[in-house]
Amino acid sequence: MIQIEIDSDSGFCFGVTTAIKKAEEELAKGNQLYCLGDIVHNGMECERLRRMGLITIGHDEMAKLHNVKVLLRAHGEPPETYELAHRNNIEIIDATCPVVLQLQRRIKKQYENSLTSTHSPLASQIVIFGKNGHAEVLGLVGQTDGRAIVIEKFDDVQSLDFSRDIYLYSQTTKSLDEFHRIIEYIKQHISPTANFQWFDTICRSVANRMPSMSQFAARHDLILFVCGRKSSNGKVLFQECQRVNANSHLIEGPEEIEKEWLKGVLTVGICGATSTPKWLMEQCRDALL
């Protein structure tokens, strides 16, 4: 008999839980509600909310709307989105994660300080370690009128100008280890005449999962990591599972489980990203029973 364990530390983070709760509350009142972008990077959870009445839209569609309610998901949005809402008399239900909101404010303040500096604004570089095009990163870059530099991986750090000041931030769901590698590289290469400051803005609800995820993956023969393939933190956490346990598989739902994975397996661990609902991990467990 195969033993199955669902990781108690996996599942929605605070920001995602809050956004979904706000959506459910509005929909329960019978109100029409739009959501700007997928509320969470998990297709099955998005489909559940769609059946409840949530309408997912993009920025182009939002520009055509007037006098409606639009929910902003946990990832946050740039200032332009709020300006559009004001022009079109759109009521914003703001579910931006508090951690992301604080980061937006810090970057905005840093940028405004650079504009009032006695030096040229071009004398400094605001750098964000994050995924180009990711919703959160777009919101962060938006705080700088689009002038922030985004680096996606360690190798990209070489493209920075080390003769100019560097202020380094991170998307909240990036790898803490890779972020510290970038910091050390900049420290070693920054000009003596330039200033370097870095700010650890990685969300601990993701970073703190890494050690427990490692322990969880190590104690099972097979790991099923349940996650939408768009999830940034899911990619980071799944890579950690693979590092510890080569017999780890990323699946979006129970229909992707392959029977041959179970040959010779005595224990199965089921875990997921901060965007993975508990009910979906439970469905994967039930598919094995």
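1. Two strands are taken to pair if DSSP finds at least two bridges between them, and in this predicted model that criterion is the starting point for reading the sheet. In strand β12, the bridge partner of Leu224 is Ile270, while Val226 stands opposite Gly272 in β12. Strand β10, residues 222-226, and strand β12, residues 267-272, pair in the parallel sense over 5 bridges.

2. The sheet to which these strands belong is open and has 4 strands in the order β1-β12-β10-β11, with parallel pairing. Its edge strands are β1 (3-6) and β11 (248-251), each of which pairs on one side only. Averaged over neighbouring strands and with direction ignored, the turn of one strand against the next is 20 degrees. Helix α9, residues 209-218, packs on this sheet and touches β1, β10 and β12, its direction making about 155 degrees with that of β12.

3. On its other pairing, β12 is joined to β1 in the parallel sense over 4 bridges, and here the bridge partner of Gln3 is Thr267 in β12. In general, strands of a sheet pair through backbone hydrogen bonds, either parallel or antiparallel.

4. How many of the residues of β12 are buried? The count is 6 of the 6 residues, so β12 is largely enclosed by the rest of the structure. Both faces of the strand are covered, since Thr267, Gly269 and Cys271 on one side and Val268, Ile270 and Gly272 on the other are all buried.

5. Helix α9 also meets helix α10, residues 232-244, and the axes of the two come within 9 Å and cross at roughly 40 degrees. An angle that is neither under 35 degrees nor in the range 65 to 115 nor over 145 counts as oblique, and α9 and α10 are therefore oblique to each other. The crossing in which α9 passes α10 is right-handed. The contact is made from α9 by Arg209, Met210, Met213, Ser214, Ala217 and Ala218, and from α10 by Val236, Leu237, Glu240, Cys241, Arg243 and Val244.

6. A separate point concerns Glu178, which is found in helix α7, residues 176-189. Is Glu178 buried or partly exposed? Glu178 has a relative accessibility of 22% and therefore counts as partly exposed. Leaving aside neighbours within four places in sequence, Glu178 is in contact with Phe129, Lys153 and Phe154, and a polar atom of the Glu178 side chain lies 2.9 Å from the backbone nitrogen of Phe154. Gln104 is 74 residues from Glu178 along the chain, and the C-alpha atoms of the two are separated by 21 Å.

Note on methods:
Residues numbered from 1 in each chain as written. Predicted model: local features only at pLDDT ≥ 70, side-chain atom pairs only at ≥ 80, totals over all residues. Heavy atoms only, no water. Axes fitted to C-alpha atoms, helices over the stretch in contact; angles between N-to-C directions. Contact = heavy atoms within 4.5 Å. Buried < 20%, exposed > 50% of the residue type's maximum accessible area, 1.4 Å probe, protein only. Polar contact = N/O pair within 3.5 Å; in protein donor to acceptor, adjacent residues only side chain to side chain. Left-handed = near helix turned anticlockwise from the far one by under 90°.
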